[in-house]
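Q: Please take a close look at the nonpolar core of this model. I would like to know what builds it and what surrounds it.

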Amino acid sequence: MRKLYIFIFFVLISFAMGIFYWLAIRPSNVVKKCHEQSLQESVWTYSYTSYPDLEERDKLQSQAYKDYYNSCLKKNGLNP
């Protein structure tokens, strides 16, 4: 009987760790990854050589960042 309690305890602990990973750690990692990718893509897409006007480039990069970021979050199963 004691072995059954120990087994149930470990199953519950494993389940709790899985839930914590899925609801806390995974989304945090996805957000970090999406931020890095979106920043890189937006800067790469609208570079200084293509758009020398600073204000126009900043607007385009900002909008591109938002678009890349939202699509990355959706692709990874998170709501933007």
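A: The account below begins with the core and then turns to residues beside and beyond it. The model is a predicted one, and the description should be read with that in mind.

The largest nonpolar core consists of 6 residues, namely Val30, Cys34, Tyr69, Cys72, Leu73 and Leu78. Two elements each contribute two or more residues to this core: helix H1, spanning 2-45, and helix H2, spanning 54-75. Of the elements, H2 gives the most, with 3 residues. As a general background, nonpolar side chains in soluble globular proteins tend to be buried together.

Leu73 offers a useful view of how the core is joined. Setting aside neighbours within four places in sequence, Leu73 is in contact with Val30, Val31, Cys34, Leu78, Asn79 and Pro80. Among these partners, Val30, Cys34 and Leu78 are themselves members of the core.

Asn76 also touches members of the core. Asn76 lies in the segment after H2, and its side chain reaches the backbone oxygen of Cys72 at 2.9 Å; Cys72 is one of the core residues. Again leaving out neighbours within four places in sequence, Asn76 is in contact with Arg26, Val30, Lys33 and Cys34. Val30 and Cys34 thus appear in the contacts of Asn76 and likewise in those of Leu73.

Ser38 provides a further point of contact with the core. Ser38 is located in helix H1 and counts as buried because its relative accessibility is 1%, where buried means under 20%. Not counting residues up to four places away in sequence, Ser38 touches Tyr65, Tyr68 and Tyr69. One of these tyrosines, Tyr69, belongs to the core.

Beyond the core, some nonpolar residues lie at the surface. Met1, Leu4, Tyr5, Phe7, Ile8, Val11 and Leu12 make a nonpolar surface patch of about 770 Å². Val11, one of the patch residues, is placed in helix H1. Val11 counts as partly exposed because its relative accessibility is 41%, a value that falls between the limits of 20% for buried and 50% for exposed.

In helix H2, Lys66 is likewise classed as partly exposed, on account of a relative accessible area of 46%. The C-alpha atom of Lys66 is separated by 36 Å from that of Ser14, the two residues being 52 residues apart along the chain.

Terms used
Residues numbered from 1 in each chain as written. Predicted model: local features only at pLDDT ≥ 70, side-chain atom pairs only at ≥ 80, totals over all residues. Heavy atoms only, no water. Core = buried A, V, L, I, M, F, W, Y, C linked by side-chain atoms within 4.5 Å. Buried < 20%, exposed > 50% of the residue type's maximum accessible area, 1.4 Å probe, protein only. Helix = DSSP H or I, 4+ residues; strand = E, 2+ residues; numbered from the N terminus. Contact = heavy atoms within 4.5 Å. Patch = residues over 30% accessible without salt bridge, like charges linked within 9 Å, V, L, I, M, F, W, Y side chains within 5 Å. Areas by Shrake-Rupley, 256 points an atom, 1.4 Å probe, with all protein chains shown as cover. Salt bridge = Lys/Arg side-chain N within 4 Å of Asp/Glu carboxyl O. Polar contact = N/O pair within 3.5 Å; in protein donor to acceptor, adjacent residues only side chain to side chain.
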